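Q: Could you go through this model with me, setting each value against the rule that gives it its name?

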Amino acid sequence: MLSALMALSYAAFAIFVIVVASKWIKWSSMPMHLRWELYPVPHEAGRHHYGGSYIEEVDYWKKPRETTLAGELKDMFSEMLFIKRVYQYKRPLWWLTYPFHAGIYLILAWFFLLFVHGILSVYISIPALATIVYYLIQICGTIGIIAATLGCIGLIIRRFSDRDMGNYTVGVEIFNLFFILVVLLTGIATWITYDPHFQHAMEFMKALVAFNAAYLPKLTTIAKVHVVLLCLLWIYIPFTKMSHFIGKYFTFHKVLWDDELNVPGSKVEAKVRELTKLPMPWSAPHVDTGKSWDENALESPKDEWGRWRY
Amino acid sequence: MGEVEILSREIKPEDAASPVDQLVKLTVRDLEKLPPPYDKPGMEPELTDPKPEWREKYATDLDGYIAIDLPWKPQNKEEEERLVKSFLSGLNKLLTKEGNWTFLQPLLLSLEYCAKCQTCSNACPIYIMSGKQEVYKPTWRAEILRRIWKKYCTPAGKIFGKFVAGDIELNAKTLLRLAESAYRCTLCRRCTQTCPIGVDNGLISHEIRKLFSQEMGIAPKALHELGTVQHLKVGSSTGLTPDGVRDIIEFIEDDIEDKIGKRIKIPVDEKGADILLIHNAGEFLSWPENPAAFAILFEEAGLSWTLSSEQVAYDAVNYGVWYDDLQLARVAAKHAEIANKLEVNKIVVGECGHAHKAITVVADRVLHDDIWIPRESCMPILWEIVKKEKINFDPEKNNFPVTLHDPCNMVRLMGVVEPQRKILRKLAPQFREMEPHGVYNYCCGGGSGFAIMTSMNFPEWRNAVATRMKFKQVLEAFKDCLDPSINKYICAPCSNCKGAIRDMLSYYKAPERLSIYYGGLVELMVNAMVDLEEPFIEWEFH
Ligand code: SF4
Ligand code: SF4
């Protein structure tokens, strides 16, 4: 049973990584879209603070672009780490969503620290570092699980009490929140009843890092239930929109901040040339179905163009 | 026809399919209050019901207003089935690379990742000023499309049904309301700025419009039949022909001579000029003082420029950007082709916001090889004229209250924010900003085609609801000088915004009650020219 739990843990991690990677590939291999940026675009050097763009310059297409990675990183991190937009535009919700997300970040940090601790106990011995890691595990684990649980309960209550949100919520979204809550509550039960200093969690990770079931602690039923549910959650998340961390990268970097210019001889132009060769499948009277976008775009107007039908 | 049935309870996304005649009925009392002096009863007209006969063939099913002025309401079961089938066929095309490479990635991201947190709702001027009518919430129409997409186009939705897709029924009512609701959003994308995930509800409205247009040719006549189609066939969406435009240009030359005592020869079809200046053709017909002011400034500053009198190229508009990617590409390609034929170095767009964005930004990835030409905004050029002191200006000539309306397309959607304000800070001593402004501005209410959609009862909705936030902002910007003895100027450097603002001011009787007028930026610049003996701005409402 215990080694079965190890196998499940490896599988959960592997599936998570594979599905996240495949989603990443799916989104990044989508065709280039028309420009649809939204200002302020944070990499606009010297103009970002008021939302300006390089188009404010006469003959901008001839001039070198001045961009700032720092601006982009600042915007990205303030959104990732502080959920800035909800803080600015929907503060009451932020008080719930922020503990929830910050709690999850701390739990992820806790996993990472457990991993480091495992490495330090199996492969490299640096006692001073191990002690620091030990205390960080206590801090991240404790604050993380409490904050995430409170936030999660708050979000569930809000989904039901705030009709604005509730009317738009579908079954699976409620299920997702409850799934997370159950994992968190079994985690809390395990923590309180069995593992107040995360000692067994460290041992569990040590076994995983060493690929050796001999290091495994003796788990109580609630601890086993927690590990199984947690693994299932890891497997489940990338298939759902709880993986919005992937989507968020693309919505900002590849849509709202994508201001790459098309100039003759550029990569963008080469892509436009290819894409406009695609046949148009649309059926309205003003479309020559089957002809390419380019052929359609350069056609002379016809009488039926103004008509409609279904 | 009997009593009209309205849904008398809280509205949810699934109510799009409700069999009632109309989901909501607006009254002035539901709407958000306006500041003084419009806080008193009787200061604005009551809202009317649609004509009963419209209900038979037109989509009055959402809120009683009609944006899509085509008789497209199915008359029997068979027609309803055909409509649903066409819609689903269009939806599937919207999800393919061939059908929608233009917006596939942004659309799917927005359908997939909305967290339903409603952070975006309060950013929407239409939702807020309507008194928070559910059907105008940025997420309402988006959620309807999302549920249909989940249910009919995704494996999860097909297997798990309602649990994953939510509650939605696809019938004629759903589609009539979905299509109309896509025309209760100005595509201003203010909601998108606030979304923590970057989900774009404005884009979803755009894609719904596209689906109906590209698959069925269903779009408001002003945008399609009389818009892009007329533009490509006749030369302009206003119906203006090449001969017509040449006549107007001559008339403008006469007018300039009358005003400044000097004849300017406006260059037309001059090969090899540096700039091809393209105006929104609405300027020639409704505000000829705007092209006149451009001509004065460009000539006085010694620029090498020309207008075109060739079909399509004397009208900068590109309504395709609001509802149809193919029509967008057709108009943009024509603009670029004619500019290349004239051997100019670049196209410069006059005071027209959507034309700015369409040709400079959105069509940037449509033009290629022979059909490519540099395009830019007129704003930086105008600022250079002021900055480099190519003309002598006396700001005292503009010593009256001025506020700036930011066209969404110029600011939020392409980042041209400062040049126009720098000009105003220099040339308008009483310039004051609206709040919020710049990239966080509110739409004039005429965005995405609303300004030119004037048939049936749509203008009433536009004036009462869509422009309401702008009117509120204007009243607040001028609150220290509302006295009608003081002339006030809303500077709106965009033809469509001017159209919406003109109708708004007239609807609220603001010129006669408060002496609030409007106009472009170049008129203010010319008004400040030292060489002019008489004021260029005439303080006439038209
Ligand atoms: S669009 Fe964005 S802000 Fe609006 S509900 Fe969805 S996730 Fe929240
Ligand atoms: S794009 Fe503008 S009008 Fe449309 S929903 Fe968003 S905020 Fe409202």
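Q: Into which domains is chain B of this predicted model divided, and where do the bounds come from?
A: Chain B is divided into domain 1 (13-216), domain 2 (233-382) and domain 3 (392-527), and the model to which these ranges apply is a predicted one. The bounds come from an automatic or database domain assignment, so they are to be read as the result of that assignment.

Q: What makes domain 1 and domain 2 of chain B count as being in contact?
A: Contact requires heavy atoms within 4.5 Å, and eleven residues of domain 1 of chain B are in contact with eight residues of domain 2 of chain B. The C-alpha centres of these two domains lie 34 Å apart, whereas the contact rule is applied to heavy atoms.

Q: How much area is buried between domain 1 and domain 2 of chain B, and which residues of domain 1 lose the most?
A: About 700 Å² is buried between the two domains, with carbon and sulfur atoms giving 46% of that area. On the side of domain 1 of chain B, H206(B), S213(B) and Q214(B) lose the most area to domain 2, together 42% of what that side buries. Between these domains the count is one salt bridge, together with six residue pairs in polar contact, both residues of each pair being at pLDDT 80 or more. Helix 11 of chain B gives the largest share of the side of domain 1 that touches domain 2, namely five residues, and the residues of that side divide into four nonpolar, five polar and two charged.

Q: Why is the pair D325(B) and K210(B) called a salt bridge?
A: The rule asks for a side-chain nitrogen of Lys or Arg within 4 Å of a carboxyl oxygen of Asp or Glu; the closest N and O atoms of D325(B) and K210(B) are 2.6 Å apart, and therefore the pair qualifies. This pair links distant parts of the chain, since D325(B) belongs to helix 17 (residues 325-341) of chain B and K210(B) to helix 11 (residues 201-216) of chain B, 115 residues apart. Over all chains, the structure holds 68 salt bridges.

Q: How do you know that K346(B) and D59(A) form a salt bridge as well?
A: The side chains of K346(B) and D59(A) meet at 2.7 Å, N to O, which is within the 4 Å that the rule allows, so this pair is also called a salt bridge. Across the interface of chain A and chain B the rule finds eight salt bridges, and 59 residue pairs there are in polar contact, both residues being at pLDDT 80 or more. The largest share of the side of chain A that touches chain B, ten residues, comes from helix 10 of chain A, and by class that side has 48 nonpolar, 16 polar and 27 charged residues.

Q: How many residues does the contact between the chains take, and how much area is buried there?
A: The contact takes 91 residues from chain A and 109 residues from chain B, and the area buried between the two chains is about 9000 Å², of which carbon and sulfur atoms give 62%. In chain A, W36(A), Y168(A) and Y310(A) lose the most area to chain B, together 12% of what that side buries.

Q: What makes a residue part of the surroundings of ligand 1, and which are the closest?
A: One of the residue's heavy atoms has to lie within 4 Å of the ligand, and 13 residues surround ligand 1, the closest being C114(B), C117(B), Q118(B), C120(B) and C195(B). By class, this shell has eight nonpolar, four polar and one charged residues.

Technical notes: Residues are numbered from 1 along each chain as its sequence is written. Chains are lettered from A and ligands numbered from 1 in the order in which they are written. This is a predicted model: local features need pLDDT of at least 70, side-chain atom pairs count only at pLDDT 80 or more; totals for chains, interfaces and linings use all residues. Side-chain values use heavy atoms; hydrogens and water are left out. Ala, Val, Leu, Ile, Met, Phe, Trp, Tyr, Cys and Pro count as nonpolar, Asp, Glu, Lys and Arg as charged, and the others, Gly among them, as polar. Buried area is the accessible area (1.4 Å probe) that two parts lose on being put together, summed over both. A polar contact is a pair of N or O atoms within 3.5 Å; within protein, one must be able to donate a hydrogen and the other to accept it, and residues adjacent in sequence count only if both atoms are side-chain atoms. Helices (H or I, at least four residues) and strands (E, at least two) are DSSP runs, numbered from the N terminus.
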